[in-house]
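Biologist: I'm new to this one and would like a close look at a single part of it. Could you put it up on the screen, and then I'll ask about the bit that caught my eye?

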Amino acid sequence: MTTHPIVLIPGDGIGPEVAVATVRVLEAARAPLTWVEHHAGVAALDTLGEVLPDQTLDAVRERGIALKGPCTTPIGDGFTSVNVQLRKRLDLYAAVRPVRNLPGIQTRYEGVDLVVIRENTEGLYSGIENEITQGVVTSLKVATELASTRIGRWAFQYARDRGRKKVTVMHKANIMKLTDGMFIRCARSVREAEGFTDIEYEEVIIDAGCMKLVQDPTQFDVLLLENLYGDVLSDLCAGFVGGLGVTPGANIGTDCAVFEAVHGSAPDIAGKGVANPLALIMSGVMMLNHIADTRGDESCRAAAGRIRDAYNQALSDGQKTRDLGGQLGTEGFASALIERIAG
Ligand SMILES: NC(=O)c1ccc[n+]([C@@H]2O[C@H](COP(=O)([O-])OP(=O)(O)OC[C@H]3O[C@@H](n4cnc5c(N)ncnc54)[C@H](O)[C@@H]3O)[C@@H](O)[C@H]2O)c1
């Protein structure tokens, strides 16, 4: 049987806890994977002297796929974000974050089924900042036609492949006329020039878009956003379906893909054994489906299906972590899934 080597980057804070739980669940589901552990973030700084060692990047380049826990970024000073560096250096240009209601999790909304697609390599989120003189700083928003076009193409292709009906670009092109203006122009031209006109398309100014989202998120299907807007809206959308504990994600490039939850390292609960591992487990399910799609290994899709059935069943049975109003800890929830996979 073919096995797929995966780089496991446990990350910081709750990262190692949710990573251990996720690997247990993937193994119980007989996912044909082998693991090679490498480090990034504060964990790597402590042991290897840098936050994003070359050996970690080389390992992902060589194997093509990684499952990653969150990495802490200091606020206000200190090193630049490991996540930003990793996405740029591996050119993981498309972040994809599905947001769906799950059984057994009551929220204000029903029928939410949208996907946030975020340009992952440029824009204000790059954090290119400069102090001109004391008390005066700049933050540079760099946008290119190349990156705006390829993320537009990726979003329409994703919509087509998944049978999705509509792509909505949220932007601020009324104010950021050049950068966001180019982003929407590129999306429009890709749609027209590359034959995606069967997919409905709309442009919404992002402030009004946020209001529309909280009024009724079910009116949206695929959201296409530049980097910073995508970062902010991912967490907003996570709130529709139960929060950061249940929102998975993937960072996809031409040669590599890194799967990680939307959430961060959650220092407030790190080390307590209470973090919800489901977002990383669901990211693992996305990873298995990605392997099936790109390498044709259907045993990965079957393993993904077993895990999905197990978490849907566990949640329906009221087996939940504390962030969802339940009693289970990280390992307890993983065990609830493993029992159902075995069962
Ligand atoms: N991809 C990444 O590596 C990534 C993403 C976001 C934030 N970060 C980093 O994480 C650190 C903390 O950021 P933050 O506090 O703004 O966001 P966060 O996502 O870590 O936490 C926000 C809130 O959600 C809760 N939460 C998050 N994940 C949870 C889970 N799996 N189960 C239960 N509760 C969970 C936390 O306890 C906290 O109350 C920062 O250093 C930030 O830069 C990293």
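Biologist: At what angle do helix α1 and helix α11 pack, and how far apart are their axes? Once you've covered that, please carry on into the surroundings.

Modeller: Happy to. Keep in mind that this is a predicted model. Helix α1 covers residues 15–28 and helix α11 covers residues 330–342; they pack at an angle of about 5 degrees, and their axes are 9 Å apart. Angles under 35 degrees count as roughly parallel, so α1 and α11 are roughly parallel to each other.

Who meets whom? From α1 come Glu17, Val18, Ala21, Arg24, Val25 and Ala28, and from α11 come Thr330, Glu331, Ala334, Leu337, Ile338, Ile341 and Ala342. Sorted by type, the residues of this contact are nine nonpolar, one polar and three charged.

Two of those names, Val25 and Leu337, lead straight into the largest nonpolar core. That core has 100 residues, and the ones touching the most other members are Val25, Ile117, Leu223, Leu224, Val258, Ile307 and Leu337. Helix α9 (residues 278–295) gives the largest share of the core, 10 residues. Domain 1 and domain 2 both give residues to the core, so it lies between them.

Isoleucine 307 is a good place to see how this links back to your helices. Leaving out residues up to four places away in sequence, Ile307 touches Val25, Ala29, Ile281, Val285, Leu337 and Ile341. Val25 belongs to the α1 side of the helix contact, while Leu337 and Ile341 belong to the α11 side.

Now step back to the domains. Domain 1 is made of two stretches, 1–96 and 245–343, and domain 2 runs over 108–241. Taken over C-alpha atoms, their centres are 24 Å apart. Where they touch, 15 residues of domain 1 are in contact with 19 residues of domain 2. On the domain 1 side, the elements giving two or more residues are α4 (82–89) and β4 (94–100). That side divides into eight nonpolar, four polar and three charged residues.

Staying around α4, look at the loop between β3 (65–68) and α4, where cysteine 71 sits. Cys71 counts as buried, with 28 C-beta neighbours inside 10 Å. Beyond its close sequence neighbours, up to four places away, Cys71 touches Gly11, Asp12, Ala40, Gly41, Val82, Asn83 and Ser265. On the other side of α4, the loop between α4 and β4 holds aspartate 91. Asp91 has 16 C-beta neighbours inside 10 Å and counts as partly exposed. Its backbone stands out too: phi of Asp91 is near 50 degrees, a positive value in a residue other than glycine. Most residues other than glycine have a negative phi.

Alanine 266 shows a positive phi as well, about 45 degrees, although it is not a glycine. Ala266 is in the loop between β12 (257–259) and α9. With 22 other C-beta atoms within 10 Å, Ala266 is buried.

For a look at the strands, start with proline 5 in β1 (residues 4–9). Pro5 is partly exposed, with 13 other C-beta atoms within 10 Å. Not counting residues up to four places away in sequence, Pro5 touches Thr34, Val36 and Arg63. Valine 60 is 55 residues from Pro5 along the chain, and their C-alpha atoms are separated by 9.9 Å.

Over in strand β9 (residues 200–205) you'll find glutamate 202. Glu202 is exposed, with 12 other C-beta atoms within 10 Å. Apart from neighbours within four places in sequence, Glu202 is in contact with Lys166 and Thr168.

One last stop is alanine 173, in the loop between β8 (166–171) and α6 (179–193). Ala173 is partly exposed, with 18 other C-beta atoms within 10 Å. Leaving aside residues up to four places away in sequence, its contacts are Asp180, Gly181 and Ile184. Ala173 and isoleucine 205 are 32 residues apart in sequence, yet 7.4 Å apart in space, C-alpha to C-alpha.

Technical notes: Residues are numbered from 1 along each chain as its sequence is written. This is a predicted model: local features need pLDDT of at least 70, side-chain atom pairs count only at pLDDT 80 or more; totals for chains, interfaces and linings use all residues. A nonpolar core is a set of buried Ala, Val, Leu, Ile, Met, Phe, Trp, Tyr and Cys residues joined through C-beta atoms within 7 Å. A residue is buried if 20 or more other C-beta atoms lie within 10 Å of its own, exposed if 12 or fewer, and partly exposed in between; C-beta atoms are placed from the backbone. Helices (H or I, at least four residues) and strands (E, at least two) are DSSP runs, numbered from the N terminus. Domain bounds come from an automatic or database domain assignment. Two residues are in contact if their C-beta atoms, placed from the backbone, lie within 7 Å. Ala, Val, Leu, Ile, Met, Phe, Trp, Tyr, Cys and Pro count as nonpolar, Asp, Glu, Lys and Arg as charged, and the others, Gly among them, as polar. Axes are lines fitted to C-alpha atoms, for helices over the stretch in contact, and angles run from 0 to 180 degrees between N-to-C directions. Angles under 35 degrees count as roughly parallel, over 145 as roughly antiparallel, 65 to 115 as roughly perpendicular and the rest as oblique.
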